[in-house]
Amino acid sequence: MKSFRQILHRFCAIVIGLAFLMSGVLKLQDPVGTSLIVKEYFSFFGLPFLIPASKAVGMILSLTEALCGAALAAGLWKKAVAALTSALIAFFTLVTVALVIFNPAMDCGCFGEAFHLTHLQSLVKNLLLCALAAGAFLPVKDLDGEKRKGKAVAFALTAGAVLILGYTSLTSLPYVDFTPFSPGAALADENDDVELNDLRDTLFIYEKNAQRGMFSQDRLPDKSWRLIGKTLNRLHQDRYASSPVQLHIRNAEGEYETDLLTDGDVVAVSAYSPEKLGAEDWGRISDFFMTVQLSGMTPVLLLNDIQAAPPDLADMAFSADRKTLMTLNRSNGGVTWLHDADIIAKWAKKNMPSADKWESISEKAPLEYSMTRSSRGRIRFQGICLYSIALLLLL
């Protein structure tokens with residue numbers, strides 16, 4: 001019969017393991033969002049030279065976190081996993097201490113875009129993990145235990161599912177869209193009163209020497225910085241979940257054309273890094289836009305740099321903020337279908353619908369299609385999570 005100490009070790013290890021597994025999986029399924037979080041950290045710690053590696057670093061850390069959690073839950077390689085897990089928890093705790101002290105305008109990104117914690121909440125979470133780690137790993141001599149083939153099989157199958165999830169997310173869109181521009185959200189038109197009047201929930205965007213930063217009302221920079229805009233603090237977006245989201249676009253003359261996206265059926269191809277699209281990509285976009293026009297919908301090309309639009313698409317091109325475009329569609333060159341300001345569906349660049357496929361899609365009831373497609377992605381993601389947890393705990 002297992003002693004109380006063994007039961008405590010196992011319970012704490014499972015709790016930490018599941019927390020690590022879910023945290024890693026949530027970030028793995030959204031590589032672009034994770035790269036944005038890592039980029040914020042590099043900027044905060046004064047490491048701008050590492051920013052180009054943000055996506056790679058984010059994926060490696062997320063994968064390490066997920067596999068570490070799976071090994072903990074399965075009870076494999078106890079001493080090695082305990083050392084790695086303790087190091088990660090200690091590192092995360094030190095980082096959140098710095099966030100609490102300096103209070104930058106960012107969140108920890110502990111669970112990707114799925115859950116947003118304040119700096120203090122993040123620190124409390126990590127302190128709880130520290131306490132659980134003490135219960136799971138001390139004394140170290142108790143970590144040697146039974147070994148069963150079933151545990152290794154469970155870990156291998158879970159690791160395979162996690163790796164497949166990471167790979168498919170790199171080449172497609174997240175299974176579940178946790179951004180403000182998720183399918184079902186509504187865009188605000190120019191007559192909607194969605195101004196950010198509560199300064200406590202507003203971040204001000206300033207620019208200096210080609211660098212941008214976001215500052216809260218009580219931590220504004222000196223006069224050498226120039227105010228260029230404002231946005232909603234992500235930590236408080238849940239309060240506005242039922243409100244329309246803003247997507248401002250400008251034409252070649254710099255005039256706002258926001259209402260264009262809220263009238264009828266609009267199909268937008270967005271590219272936050274148009275310089276990375278090749279001639280073949282632009283050719284596919286051009287052909288797709290012809291198909292969209294034949295279906296009676298309005299094609300729109302959204303770029304962070306309107307000058308990057310090819311000549312044959314220039315009259316359909318509009319500019320928008322780069323980060324906003326990355327939030328609208330995680331794929332560079334991805335497709336977003338809007339119906340009367342409602343976001344209906346999204347496709348990654350590589351999954352851009354063919355002419356026959358689009359003809360079939362355009363005949364469907366927009367809102368019904370949106371619900372069906374979104375539910376399919378959620379079911380797949382939940383299936384992967386439940387499958388992994390069941391394997392680790394039951395085998």
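Start with helix α2, which supplies the largest share of the lining of the largest cavity, three residues. The model is predicted.

Select α1 (4–28) and α2 (31–44) together: each of these helices supplies at least two residues of that lining. The enclosed space has a volume of about 90 Å³. Of its 17 lining residues, those closest to the centre are Leu 26, Gln 29, Asp 30, Glu 113 and Phe 178. Show their side chains. Coloured by type, the lining divides into seven nonpolar, five polar and five charged residues. There is no second stop of this kind, since the structure holds one cavity of 30 Å³ or more.

Next, select α6, residues 149–171. From first C-alpha to last, the 23 residues of this helix reach 34 Å, close to the 33 Å expected at 1.5 Å a residue. Its buried positions are Lys 151, Ala 154, Phe 155, Thr 158, Ala 159, Ala 161, Val 162, Leu 165, Gly 166 and Ser 169. Add α1, α2, α3 (54–74) and α10 (366–394) to the view, as the buried residues of α6 pack against them.

Then move to α5, residues 119–137. This helix has 19 residues and reaches 27 Å between its end C-alphas, close to the expected 27 Å. Buried here are His 119, Ser 122, Leu 123, Asn 126, Leu 129, Leu 132, Ala 133, Gly 135, Ala 136 and Phe 137. Keep α1 and α3 on screen and add α4 (78–102): the buried residues of α5 pack against these three helices.

Note on methods. Residues numbered from 1 in each chain as written. Predicted model: local features only at pLDDT ≥ 70, side-chain atom pairs only at ≥ 80, totals over all residues. Heavy atoms only, no water. 1 Å grid on protein atoms, 1.4 Å probe; cavity = no way out; pocket = protein on both sides within 12 Å on 5 of 7 lines; lining within 4 Å. Points joined across faces, edges and corners; volume = space filled by probe spheres on them. Helix = DSSP H or I, 4+ residues; strand = E, 2+ residues; numbered from the N terminus. Nonpolar A, V, L, I, M, F, W, Y, C, P; charged D, E, K, R; others polar. Expected span 1.5 Å × (residues − 1). Buried < 20%, exposed > 50% of the residue type's maximum accessible area, 1.4 Å probe, protein only. Contact = heavy atoms within 4.5 Å.
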